[in-house]
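Take a moment with the sequence and the model. Then follow the walk below, stop by stop.

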Amino acid sequence: MRVIFLFLLFFFFAFGDNNVTQKSDKTLLESITPEDSEKNAKSIAIITKAIVKQKQEQKEKIEQELETKKKLKEQKLLQKKAEHVKEKKLLQARIEELIEKKRKIDKELSKDNIWANQYLPYETYQELEMKHKKYADEIEEYGDKKELSKREKLELKRLKNEYKIIEGKLSQLSDYKKDPFANMVKIKELAPEPKIENPINILDGISYQKQLKNVKEENDEKYASLSEAVMKLQEKVALLRELTLLSKGNNYVQELKETQQKLKDFEDTLRIYKTSIKTFAQVASQISLNIDEGIDKEMKKSMLTGAIVGFMLLFFFLVKFLINKYMSENDLFYGINKIVNAVFIILILIILLFSYLENVKNLMTILSFASAGIAIALKDWFMSILGWVVILVSGSIHVGDRMKFVKDGVEYVGDVVDISILRMTLHEDVTFTSVYKNRRTGRIIFIPNNYIFTGMIANYSHAGLKTVWDGIDFYITFDSNASKAQHIAKEVTRKYSKGYTDMTRKQLNRLRSKYSVRNTAVEPRIFAFLDDYGVRVSAWYLTNSFATLTLRSTISMEILSRIQAEDDIELALPSQSIYVDKSAPRPSLPKNEELV
């Protein structure tokens with residue numbers, strides 16, 4: 001009985017709530033008899049204590065569970081908040097990454113792309129046009145008002161000033177009003193296709209093909225640049241779309257619309273330009289094929305003409321060889337040599353004319369009219385050009401030759417340093433002329449080529465002849481040994497001019513094939529003449545035409561020292577005789593003549 005009672009009591013205390021527990025306790029206590037109360041008091045006290053302890057434990061457990069739930073809830077809230085912050089940071093990082101990519105695309109387009117740079121004024125024009133319209137509307141609104149306040153008048157004035165400024169800018173950008181790429185999509189116009197009719201036209205054809213290639217490469221580069229701009233704009237549109245979604249606002253909506261419009265313009269231009277360069281490539285390919293065919297045809301024609309001219313050259317050299325071999329000593333050698341040269345040149349010209357000119361008659365007609373006009377209008381220039389041709393063809397003057405020109409009584413001696421189409425350039429040197437006449441030298445002298453038709457020109461080094469005759473005169477008294485003086489002059493001049501003498505002998509022999517040279521004496525020549533104050537001994541010798549003064553100085557000093565060493569030779573000076581004690585001798589007169 002006691003065991004059952006304790007079990008029931010524990011059951012109610014363990015699983016009932018407080019009210020039920022209290023009610024059950026009361027019912028159970030009432031059912032216990034007084035006799036059992038004393039016996040069970042101790043047990044009840046123990047049970048009560050156990051129940052209170054159990055309640056306290058349950059309360060603590062519940063509090064712990066609530067605290068645990070609260071901590072879990074706080075942890076979830078913190079975790080959720082952290083995740084939200086993380087997501088926000090990631091979102092911000094993505095936005096910044098997209099903005100950076102967009103900025104990089106804008107920088108590349110504005111810096112390295114010619115199409116984007118060309119489009120920029122068009123965008124500026126559109127923006128200015130919108131502002132222009134906006135200001136016009138605002139000005140119109142103020143104009144509709146009957147009375148304006150002071151502030152409104154100032155605002156109206158400002159709007160009008162801004163309107164005029166924008167109107168001026170629009171006038172400057174008027175070329176970009178419609179199509180910003182109108183000039184860029186135009187394919188560069190080429191010169192007419194050259195006709196390959198002579199060897200010179202071959203160079204023209206090759207140059208034209210190179211020009212076609214350059215234009216094609218330029219078009220390809222521009223197309224690649226335009227394609228790159230389209231790709232970057234497509235990438236920018238994608239970035240702006242993502243930025244519009246991520247930013248959840250209207251920050252990038254307007255820019256997205258503008259970029260989409262810009263992309264549309266670029267894509268339309270790309271399609272047009274692609275068609276243009278494709279058409280140009282087809283035309284250029286056909287022109288290049290035509291030029292190749294013309295070059296091939298002209299090469300064959302030129303080879304045939306070259307073979308004929310080569311045969312003529314061989315024949316000409318053979319004739320020249322025979323003339324030099326069998327007629328070099330003949331008096332007709334010079335004339336026949338000239339005739340052969342002229343005939344050969346005429347034949348070559350005829351062959352070339354009939355090879356490369358389809359209608360020689362028309363050429364002669366054109367030249368006859370053209371030459372008359374040129375001769376009248378550009379006489380001096382024409383004569384200079386003709387003189388240049390004569391100089392080149394004749395070979396009478398070459399760069400490096402020592403020349404002498406006389407103009408208005410002034411002599412110019414120097415070396416030819418240049419022969420251009422209109423003039424010859426002469427560099428003066430220290431020469432006999434500069435020492436005894438001009439007393440100045442080193443100048444650059446410009447001589448028109450037409451001077452060869454109107455003036456006398458001396459060439460000191462023509463046709464390989466590098467020597468000239470130079471002379472030294474000195475006077476000895478009448479009672480001096482003139483023969484010995486001549487002998488001294490001859491020895492000295494022969495000693496110092498021997499090398500030039502041998503050189504000149506060889507050069508003159510070579511000149512006989514080109515000129516009718518008869519006098520080939522090259523040894524020094526000594527002459528003696530009676531003069532007013534004594535005997536004038538004149539010594540002539542060959543010397544280098546580029547260094548006459550050097551040898552002249554050497555020979556002069558040698559002759560002077562040799563004469564001073566002789567007792568029977570005295571140098572004569574200008575003098576006169578005075579007769580004091582006797583009359584001057586009268587010259588003897590021939591018979592039947594009287595002194596007047």
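The paragraphs below visit charge, helices, strands and a nonpolar patch in turn.

Keep one thing in mind from the start: this is a predicted model. Begin on the surface. Here Asp 137, Glu 140, Glu 141 and Asp 144 come together as a patch of negative charge. Pick out Glu 141 from this group. Helix α4, which covers residues 114–144, holds Glu 141. Is Glu 141 buried or exposed? Its relative accessibility is 52%. The cut-off for exposed is over 50%, so Glu 141 counts as exposed.

Next, go to helix α8, residues 333–356. Val 343 sits in this helix. Its relative accessible area is 43%. Partly exposed lies between the two limits of 20% and 50%, so Val 343 is called partly exposed. Now look for Phe 316. Along the chain, Val 343 and Phe 316 are 27 residues apart. In space, 9.6 Å separates their C-alpha atoms.

Now turn to the strands. Strand β1 takes in residues 402–407, and strand β2 takes in residues 410–419. How do β1 and β2 run? They are antiparallel, and 6 bridges join them. One pairing to find is Lys 404 with its bridge partner Val 413, which lies in β2. The hairpin of β1 and β2 has 2 residues between the strands. Asp 408 in this hairpin has a positive phi, near 55°.

Strand β2 also pairs with strand β3, residues 423–428. These two run antiparallel as well, with 5 bridges between them. Find Asp 418, then look across to β3: its bridge partner there is Thr 425. How many residues does the hairpin from β2 to β3 pass through? The hairpin joins the two strands through 3 residues.

Finish back on the surface, with a nonpolar patch of about 930 Å². Its members include Trp 381, Phe 382, Ile 385 and Leu 386. Val 389, Val 390, Leu 392 and Val 393 are also among them. So are Ile 421, Leu 422 and Phe 453. Which helix gives the most to this patch? Helix α10, residues 379–394, does, with 8 residues. Val 393 is placed in α10. Its relative accessible area is 65%. Exposed means over 50%, so Val 393 is exposed.

Conventions:
Residues are numbered from 1 along each chain as its sequence is written. This is a predicted model: local features need pLDDT of at least 70, side-chain atom pairs count only at pLDDT 80 or more; totals for chains, interfaces and linings use all residues. Side-chain values use heavy atoms; hydrogens and water are left out. Patches are made of residues with over 30% relative accessible area and no salt bridge: like charges are joined within 9 Å, nonpolar side chains (Val, Leu, Ile, Met, Phe, Trp, Tyr) within 5 Å. Accessible areas come from the Shrake-Rupley method with a 1.4 Å probe; for residues, only the protein chains shown count as cover. A salt bridge is a side-chain nitrogen of Lys or Arg within 4 Å of a carboxyl oxygen of Asp or Glu. Lys and Arg count as positive and Asp and Glu as negative; His and the chain ends are not counted. The place of a charge is taken as NZ of Lys, CZ of Arg, CG of Asp or CD of Glu. Helices (H or I, at least four residues) and strands (E, at least two) are DSSP runs, numbered from the N terminus. Buried means under 20% relative accessible area, exposed over 50%, partly exposed in between (1.4 Å probe, protein chains only). Two strands pair if DSSP finds at least two bridges between them.
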